[in-house]
Amino acid sequence: MKLKEITEGKARLLVPDPEEYKKEEKYDPSWAPVFYNPRMVFNRDVSVVVVSALSPKSIVDTLSATGVRGIRYYLESSKTEEVLFNDKSPNAVELIRRNVEVNGIENAKVYNRDANSLLYELKVDYVDVDPFGSPAPFVLSSINATKRGGSVAYTATDLSPLEGKARRSCLRKYYVHNQRLSFSKEVGIRVLVSKVVRDSAVLERTVVPLISFYSDYYYRVFFRVLGGARRADNALEELGYFIECQDCGYHEGTREKCVDKCPYCGSKNVKVVGPVWLGKLVDEEFLGKVMSSIDKFEYLTSFQMVKELLTSLRDENRFLAYYNLDFLASRHKMNVPPTRGMLECLGEATRTHFDKKGIKTNKKYEEVLECLKTSFSYNR
Ligand SMILES: C[S@@+](CC[C@H](N)C(=O)[O-])C[C@H]1O[C@@H](n2cnc3c(N)ncnc32)[C@H](O)[C@@H]1O
């Protein structure tokens with residue numbers, strides 16, 4: 001394998017040389033013998049910051065590829081007592097071994113196993129699951145591998161099922177009846193959380209979302225894992241359904257499964273999606289801890305972006321779902337209002353990292369519609 005040395009965060013890494021694996025001047029990381037995607041640096045930067053606040057003693061980087069995550073957690077998050085790396089690909093394992101050595105990681109163990117079978121043999125403080133596509137096949141085993149009080153994180157790049165485009169796939173992987181809504185970017189992450197909550201309940205455990213976000217073409221969610229059937233029952237109570245009226249644009253999160261007409265305008269043209277997580281996506285106390293030590297990560301290339309994301313997550317956390325202004329305006333046959341104007345008119349409202357055209361608010365729907373009409377008078 002032709003390799004190239006790069007640096008990411010504080011890690012020196014040998015990765016497949018993209019020049020060697022190009023096809024017609026194009027390069028996709030999946031064409032190389034071992035996967036390394038520079039577009040995921042932001043995901044890894046945020047993860048380093050979050051894992052630092054978790055301060056786990058033992059970590060498993062379940063689907064390691066080059067080993068970049070486990071190595072960065074060790075070098076940048078906290079010197080953990082034990083870092084385990086795993087990949088089913090022998091090429092990946094060979095590269096992980098070299099990268100572990102280059103970075104002087106002590107206490108590393110490198111496995112060449114199927115992730116699920118390995119996870120059923122482990123108990124660690126932090127499990128990282130960063131697969132190709134959907135993390136669904138690894139949820140049960142990763143929850144099982146996490147010590148009580150420990151944490152687990154998932155990346156999901158299978159946006160089609162999660163955002164309701166590939167509906168059958170969503171039902172197969174997440175047991176959720178999904179379809180496209182105007183705020184599907186947020187629905188997607190709530191589908192993923194719902195799956196993790198339900199799989200945890202099977203094991204008489206529960207998960208609390210610590211940090212959940214969307215970026216670029218993926219979701220990333222960190223959970224605290226707790227024990228107890230009663231806690232699992234309580235978490236299941238926070239599952240429900242989203243309804244969205246295709247005529248007037250009204251939406252809500254509800255525990256009712258059978259909603260056949262819009263509570264606002266009475267139209268029967270209503271979409272229902274669920275079961276989805278209707279609870280909080282962020283644990284504010286934990287987020288406060290993450291933010292309080294953010295300055296030590298000033299060396300990250302994406303430092304400002306990480307800070308902005310965390311601030312945005314804090315501001316968004318008190319609102320469920322968002323209004324996409326294009327969708328709302330089209331339902332009422334109006335021009336799209338300026339976002340700033342809508343925010344000023346509503347007062348209690350914020351933008352959302354899920355969608356540039358989205359606003360979150362707890363104001364009554366009548367007030368949202370009133371602002372839709374009047375917000376043109378605000379300065380853009
Ligand atoms: C998306 S890549 C991981 C990327 C890496 N975490 C990073 O941040 O660069 C997924 C990796 O999982 C490995 N993999 C896929 N299925 C697996 C399985 N069932 N058990 C173990 N490894 C698996 C693949 O060989 C691949 O290297």
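Q: If Ala, Val, Leu, Ile, Met, Phe, Trp, Tyr, Cys and Pro count as nonpolar, Asp, Glu, Lys and Arg as charged, and the others, Gly among them, as polar, how many residues of each class form the shell around the ligand?
A: The structure is a predicted model. In this model, 18 residues surround the ligand, and the closest are R69, D87, D114, A115 and D130. Sorted by class, the shell comprises eight nonpolar, three polar and seven charged residues.

Q: Which residue has a side-chain N or O atom 2.6 Å from an oxygen atom of the ligand?
A: Two polar contacts of the ligand involve backbone atoms: a ligand nitrogen is 3.0 Å from a polar backbone atom of L63, and a ligand nitrogen is 3.1 Å from one of K88. The 2.6 Å distance instead joins a ligand oxygen to an N or O atom in the side chain of D87.

Q: What percentage of the area that the ligand exposes when taken alone is buried by the protein?
A: The ligand sits in the largest pocket. Its contacts there include the nitrogen at 3.1 Å from the backbone of K88. Of the 610 Å² that the ligand exposes by itself, the protein buries 90%.

Q: What is the radius of gyration of the protein, and why does it agree with a compact globule?
A: The protein has 14 helices and 15 strands, and its C-alpha atoms fill a box of roughly 65 × 45 × 45 Å along the principal axes. A compact globule of 380 residues would have a radius near 21 Å, which agrees with the protein's value of 22 Å.

Q: Which strand holds P275?
A: Most peptide bonds are trans. The bond from G274 to P275 is cis, with omega near 0°. P275 belongs to the strand spanning residues 270-277, β12.

Q: What is the phi of D216?
A: Most residues other than glycine have a negative phi. D216 occupies the loop between β8 (205-215) and β9 (218-227). Although D216 is not a glycine, its phi is positive, at about 55°.

How values were computed:
Residues are numbered from 1 along each chain as its sequence is written. This is a predicted model: local features need pLDDT of at least 70, side-chain atom pairs count only at pLDDT 80 or more; totals for chains, interfaces and linings use all residues. Side-chain values use heavy atoms; hydrogens and water are left out. A residue is near a molecule or strand if one of its heavy atoms lies within 4 Å of it. A polar contact is a pair of N or O atoms within 3.5 Å; within protein, one must be able to donate a hydrogen and the other to accept it, and residues adjacent in sequence count only if both atoms are side-chain atoms. Accessible areas come from the Shrake-Rupley method with a 1.4 Å probe; for residues, only the protein chains shown count as cover. On a 1 Å grid over the protein atoms alone, a cavity is a set of points where a 1.4 Å probe fits but cannot get out, and a pocket is an open set with protein on both sides within 12 Å along at least five of seven lines; lining residues have an atom within 4 Å of a point. A molecule sits in a cavity or pocket if more than half of its atoms lie within 2 Å of its grid points. Ala, Val, Leu, Ile, Met, Phe, Trp, Tyr, Cys and Pro count as nonpolar, Asp, Glu, Lys and Arg as charged, and the others, Gly among them, as polar. Helices (H or I, at least four residues) and strands (E, at least two) are DSSP runs, numbered from the N terminus. The radius of gyration is taken over C-alpha atoms; the globule rule is 2.2 Å times the number of residues to the power 0.38.
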